Every structure is written in structure tokens, then in C-alpha cells.
Amino acid sequence: DRRVLDFRIIQTGADAVTLALPRELPDDAAERARRALAAALMKIGAEAPVVTLQSGIDVPFDRKLRRVRREWRR
């Protein structure tokens with residue numbers, strides 16, 4: 001959705017992904033983004049459920065901006 005101007009994708013488990021979006025994003029745009037991410041994951045063979053959070057995005061200024069990151073360790 002073209003209304004998504006900022007996002008974070010975070011792997012939070014072996015089969016769990018969180019999509020963080022700005023809280024002011026309309027619900028329909030958030031749902032379209034969630035479906036697009038789920039489709040992209042399925043296309044590469046991953047079937048992780050995508051949880052969407054619209055609680056705002058914290059931007060750390062002490063390091064490089066990373067939109068996609070892994071916060072899960074085996």
C-alpha cells in the first residue's frame with residue numbers, strides 16, 4: 001500500500017514475524033501490508049504467521065536504521 005511510509009519487520013521466533021507500522025496508518029492499509037508480507041514469505045517457502053502492530057515505531061538514532069531485523073536466537 002502506497003500509504004505505508006515507514007515500517008519494521010522483526011523475526012520474533014522460529015516461525016513468527018511482526019510487522020510494525022505507524023499508529024496513524026488506516027486499518028485497511030495495515031491489512032494490505034500484512035497480506036503482502038505474508039504472500040512474500042509464502043513465495044520464498046516460509047509460512048510464518050504475520051502479526052501486525054500499529055503502536056508506533058521507535059527509531060534508534062545511535063545506530064544504522066534497519067527496517068528488517070531478527071530478534072530471535074536459536
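Two residues are taken to be in contact when heavy atoms of theirs lie within 4.5 Å. On that basis, 67% of the contacts in the protein chain with a separation of 6 or more come from residues 24 or more positions apart. The model is a predicted one, and what follows walks through it from the overall layout down to a couple of individual residues.

The secondary structure is quickly listed: one helix and four strands. Read from the N terminus, the elements go β-β-α-β-β. Of the chain's 74 residues, 27% count as buried. The accessible surface of the protein chain comes to about 5600 Å², and carbon and sulfur atoms hold 52% of that.

The four strands come together in an open sheet with mixed pairing, and the order across the sheet is β3-β2-β1-β4. That puts β3 (50-53) and β4 (68-70) at the edges; each has a single partner strand, so one side of each is left without a neighbour in the sheet. On average, neighbouring strands are turned by 25° against each other, direction ignored.

One of the pairings can be followed in some detail. Strand β2 (residues 16-20) and β3 run parallel, and four bridges join them. T18 takes part here, with V51 as its bridge partner in β3. Then there is helix α1, residues 27-43, which lies across β1 (8-13), β2 and β3. Relative to β3, the helix runs at about 155°.

Strand β1 also holds R8, an arginine that ends up well covered in the model. Its relative accessibility is 3%, and because the cut-off for buried is under 20%, R8 counts as buried. The side chain of R8 does have a polar partner, though: it makes a polar contact with the side chain of D6, at 2.5 Å.

At the other end of the chain, W72 sits in the segment after β4. In sequence, W72 and Q11 are 61 residues apart, yet their C-alpha atoms are separated by 6.3 Å. Q11 is also one of the residues that W72 touches: setting aside neighbours within four places in sequence, W72 is in contact with Q11, T12, G13 and A14. For Q11, T12 and G13, that means contact with residues in the range of β1, which spans 8-13.

Terms used:
Residues numbered from 1 in each chain as written. Predicted model: local features only at pLDDT ≥ 70, side-chain atom pairs only at ≥ 80, totals over all residues. Heavy atoms only, no water. Pairing = 2+ DSSP bridges. Helix = DSSP H or I, 4+ residues; strand = E, 2+ residues; numbered from the N terminus. Axes fitted to C-alpha atoms, helices over the stretch in contact; angles between N-to-C directions. Buried < 20%, exposed > 50% of the residue type's maximum accessible area, 1.4 Å probe, protein only. Polar contact = N/O pair within 3.5 Å; in protein donor to acceptor, adjacent residues only side chain to side chain. Areas by Shrake-Rupley, 256 points an atom, 1.4 Å probe, with all protein chains shown as cover.
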